[in-house]
Amino acid sequence: MRIDIFNTYDELSLKAKELIVQEIRKDKNLLLCTATGGSPTKTYELLGETYQKEPELFSGLRIIKLDEWGGIALDQPGSCESYLQKHVLQPLQIPEERYTGFNSNPENPNAECKRIQERLRKEGPIDLCILGIGMNGHIAFNEPAEFLEPFCHQAELSEMSLQHKMASGMQVKPTYGLTLGMADILHSKMIIILIHGTHKKEIAKKFLSKKISSSVPASFLWLHPNVICLIDSNAYES
Ligand code: PGA
């Protein structure tokens, strides 16, 4: 794993943006998996600025949503969908046919997971996966547990995930998560994980200790040959 340390969130985000643009230049039809949350927001904002200058660069880009809160309305503030619409899909003008994402309130969550798995089978593998890390070490809604799940699944949300800013302010609380699984993520050709802020210091230390354990799902990224960890100095303990 390559680890790049930055002084500021802005510098980290600029690097992430540059890496994404570099990959899109290599493959216009790139399948980009997008995490939501605070970590990638600035990166997406910078990508939007690139779109303004060079819209044709994004004319083939395909997006897949990493995960979603379950049991809430899709357009509810705080949903991953609302986030992606605002920060990625609208700024980059991604049409429906180039977007794959879980419905947040399906009648049958298992059938919804199968639908996304099938879409991923057809469209995938993911070329570039953008991840954040949860305070508890989760990636997407692959939560710390005795066993991890390889494929798309309905996840039991940890207390810590429910306390995440996106969910804590919701009127209607999510009752589960919908998420790509560990193998779906690890089959990506390239992965960028973004870590910033002092609140991530403790989990970053565990993650970077190279001890692979299902109690820190992100630690499985050490098994992948092409991961770049972009971390700021507030989260990094040397
Ligand atoms: P954050 O969330 O980017 O808002 O820190 C990451 C996560 O909890 O997965």
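This passage walks through the pockets, the ligand surroundings and a few notable residues of a predicted model.

Some ground rules come first. Because the model is predicted, local features need pLDDT of at least 70 and side-chain atom pairs count only at pLDDT 80 or more, while totals for chains, interfaces and linings use all residues. Residues are numbered from 1 along each chain as its sequence is written, and side-chain values use heavy atoms, with hydrogens and water left out.

Pockets are a handy place to start. The search runs on a 1 Å grid over the protein atoms alone: a pocket is an open set of points with protein on both sides within 12 Å along at least five of seven lines, unlike a cavity, where a 1.4 Å probe fits but cannot get out. Lining residues are those with an atom within 4 Å of a point. Grid points are joined across faces, edges and corners, and a volume is the space filled by probe spheres set on the points. By that recipe, the largest pocket comes out at about 710 Å³. Its lining is made up of 29 residues, and T36, G37, G38, H164 and K200 are the ones nearest its centre. At least two lining residues come from each of β4 (67-70), α3 (80-89), α5 (159-162) and α6 (165-168); such helices (H or I, at least four residues) and strands (E, at least two) are DSSP runs, numbered from the N terminus. Sorted by class, this lining holds 13 nonpolar, 13 polar and three charged residues. Here Ala, Val, Leu, Ile, Met, Phe, Trp, Tyr, Cys and Pro count as nonpolar, Asp, Glu, Lys and Arg as charged, and the others, Gly among them, as polar.

Then there is the ligand. Its surroundings consist of G37, G38, S39, I133, G134, H138, H164 and K200, where being near takes a heavy atom within 4 Å. Three close approaches by oxygen atoms of the ligand can be picked out. One is 2.8 Å from a polar backbone atom of G38, another distance, 2.5 Å, leads to an N or O atom in the side chain of S39, and the side chain of K200 has an N or O atom 2.6 Å from a ligand oxygen.

K200 deserves a second look. This lysine sits in the loop between β9 (190-195) and α8 (201-208). K200 counts as buried because its relative accessibility is 8%; the cut-offs are under 20% relative accessible area for buried and over 50% for exposed, with partly exposed in between (1.4 Å probe, protein chains only). Setting aside residues up to four places away in sequence, K200 touches S39, I133, G134, M135, I195 and A235, a contact being heavy atoms within 4.5 Å. The K200 side chain also reaches the backbone oxygen of I133 at 2.9 Å. Along the chain, K200 and G137 are 63 residues apart, yet their C-alpha atoms are 9.4 Å apart in space.

The second largest pocket has a volume of about 240 Å³. Of its 14 lining residues, E81, Q85, E96, Y99 and G101 lie nearest the centre. Helix α3 gives the largest share of this lining, three residues, and α3, β5 (99-100) and α4 (109-123) each supply at least two. The class count here is five nonpolar, three polar and six charged.

E81 turns up again beside K65, a residue of strand β3 (62-65). With 0% relative accessibility, K65 counts as buried. The K65 side chain makes polar contacts (a pair of N or O atoms within 3.5 Å; within protein, one must be able to donate a hydrogen and the other to accept it, and residues adjacent in sequence count only if both atoms are side-chain atoms). One goes to the side chain of E68 at 2.6 Å, and another, at 2.6 Å, to the side chain of E81. Beyond four places in sequence, the contacts of K65 include Y99, G101 and F102. G101 and F102 are also touched by E112, along with N103 and P106. E112 belongs to helix α4 and, at 7% relative accessibility, is buried.

A few backbone oddities round things off. The peptide bond from G124 to P125 is cis, with omega near 0 degrees, and P125 is in the loop between α4 and β6 (128-132). Q93, in the loop between α3 and β5, has a positive phi of about 50 degrees although it is not a glycine. K210 likewise has a positive phi, near 70 degrees. K210 lies in the loop between α8 and β10 (227-232) and counts as exposed, at 53% relative accessibility.
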